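Open your viewer and get comfortable. We will go from the whole chain to one strand, then to the cores and the ligand.

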Amino acid sequence: MRFENVYTPEQERAREALRKEVRELIKAKGKGVSGGPVDDRTISRDLLKRNKEFRIELGKKGWFMPTMPKKYGGAGLSPDMASVIYDELDVLNEWAADGFPGGVGPTSFVPNDHSTGMVGILNKIGTEEQKDRMLPPLVRGELVTWEVFTEPEAGSDLPSLQTTAVRDGDEYVINGHKMWIGGNNAPPDVLMTLAITDPNAPRHRNISVFLIPCNIPGVHIYPIDCLAPPYKNQIIFEDARFPASCAVGEGGDGWVAFNTRGGDGGREGERRRPIDELIDYSKETIRNGQRLSQDPEVQEIVTKAYVDNEIHRLLGLRNRWMAEQNRAGTAKKRTTYEGGQMTVYNKQLGPRNADALLKAWGPVALIANEPWGPMRGAAEMYHRHAIEQTHPGGTIEINKLRMFRSVIGPGTRIPAS
Ligand SMILES: Cc1cc2nc3c(=O)[nH]c(=O)nc-3n(C[C@H](O)[C@H](O)[C@H](O)COP(=O)(O)OP(=O)(O)OC[C@H]3O[C@@H](n4cnc5c(N)ncnc54)[C@H](O)[C@@H]3O)c2cc1C
């Protein structure tokens, strides 16, 4: 049985009307827009500029973050209606959309944009004045945002961060060293940054969050060459001054903010493109006089990969349904572990898919160049990317801990046996 959303005729009509409108916008304004090349080191400035212009076109319709209220520049749509927009936009994202984990929705037009996370933070801890001032340009897609949290000595244990922001009149002065930040779209417009503002306050209550402009003196960005895209950066803050109005929340609530950042609604997990490619390639390729798909070992690998990816899709479908119910106020069950579960599954699925490609195709799966490398050489990149993506936004172990604590309660520790 294939679980799908079932819509009333009226809902179907509304979805189709929206789909048509989105397609028209893509046709009119989306020329040349895409998720970029598989290796984003080669992304051109021109493509980044075109993509940003298209984000702004989406923003004018409220479709950059469609579930956000209209008063902040969104379209006030339900997560389910918003998925119509994301599905259509995925056509533009190509590889960035579903080939690689994580790159879904409009934000993948500019690799490593973290605007949705910033919106989540503002929603949670922002004052009404801050929301009115800061949300609209983010929600309309006008500001490319990088998440600037991790430090050389503070990753999983983020509250150990050492960057400081000291108030000086109407300004703050920030000093510190951040790691694994942003991508190849440097410089972004704004940096969503965590820094210690009260060194005397208890751990977890000494950190504040700031949305600071990137183009201020004292912000230095140095690229880091990574195993695979997205390529990251170090940022050094050296006596960088920014207006006090860049602070978000009341101060000291940066840890709460970090823990609550999120997207703008649930989304159905897609079955990954590599698995479709795995099926097609296995059907088309002749080895030792027979199709790969006739080999019983390949059949077993493909079947298992298909099931794994269907589970991913169904977990996403459930989460989207729960988001929908939360929004409508009809949820019978509080959402606890479900987001973490999807993250853990997602992070484990990438390497499992990569392994399936390797086992089914053999060493040819690790050849990067066309014409020998399957998937136009992208299978090889997929291997590296799947490994790299187990870290961002918290590792598998850390997300398991989050799941555990969200079920058992905050501050819970596993008792020593
Ligand atoms: C591709 C990529 C993109 C990234 N993008 C960004 C970004 O845009 N912005 C940003 O701020 N950061 C970013 N990061 C940083 C990312 O959030 C950190 O790498 C991550 O939080 C882990 O921190 P760490 O690398 O310091 O590893 P560590 O915290 O040193 O962890 C090392 C290992 O120990 C394990 N471990 C740690 N603590 C525990 C525990 N309590 N229980 C069990 N196991 C534990 C971890 O799971 C991991 O396997 C990115 C990282 C990568 C690789």
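Among contacts in the chain between residues at least 6 apart in sequence, what percentage join residues at least 24 apart? The figure is 70%, where a contact means two C-beta atoms, placed from the backbone, within 7 Å.

Before you click on, two notes. This is a predicted model, in which local features need pLDDT of at least 70, side-chain atom pairs count only at pLDDT 80 or more, and totals for chains, interfaces and linings use all residues. Residues are numbered from 1 along each chain as its sequence is written.

**Whole chain.** Colour by secondary structure to bring up 12 helices and 10 strands; these are DSSP runs numbered from the N terminus (helices: H or I, at least four residues; strands: E, at least two). Of the 417 residues, 41% count as buried, that is, with 20 or more other C-beta atoms within 10 Å of their own C-beta, placed from the backbone.

**Strand E5.** Now select residues 207–213. Six of these seven residues are buried, so E5 is largely enclosed by the rest of the structure. Add strand E4 (residues 190–196), which pairs with E5 in the antiparallel sense over seven bridges; pairing requires at least two DSSP bridges. Here methionine 192 has leucine 211 of E5 as its bridge partner. Next, show strand E8 (residues 247–248), antiparallel to E5 and joined to it by two bridges. One to click on is valine 209, whose bridge partner in E8 is valine 248.

**The cores.** Show Val119, Val139, Met192, Phe210, Leu211 and Val248 as sticks: of the 56 residues in the largest nonpolar core, these touch the most other members. Such a core is a set of buried Ala, Val, Leu, Ile, Met, Phe, Trp, Tyr and Cys residues joined through C-beta atoms within 7 Å. Domain 1 (9–111) and domain 2 (145–260) both contribute residues, so this core lies between them; the bounds come from an automatic or database domain assignment. Another core, of 19 residues, lies apart from it and includes Ile301, Val302, Trp361 and Tyr382.

**The ligand.** Finally, centre on the ligand. It is surrounded by 19 residues, the closest being Phe149, Gly155, Ser156, Trp180 and Thr395; each has its C-beta atom, placed from the backbone, within 6 Å. Strand E1 (145–148), strand E3 (171–181) and helix H12 (396–408) each give two or more residues to this shell, and H12 gives the most, with three. Domain 2 (145–260) and domain 3 (273–408) both supply residues, so the shell lies between them.

Notes: A residue is buried if 20 or more other C-beta atoms lie within 10 Å of its own, exposed if 12 or fewer, and partly exposed in between; C-beta atoms are placed from the backbone.
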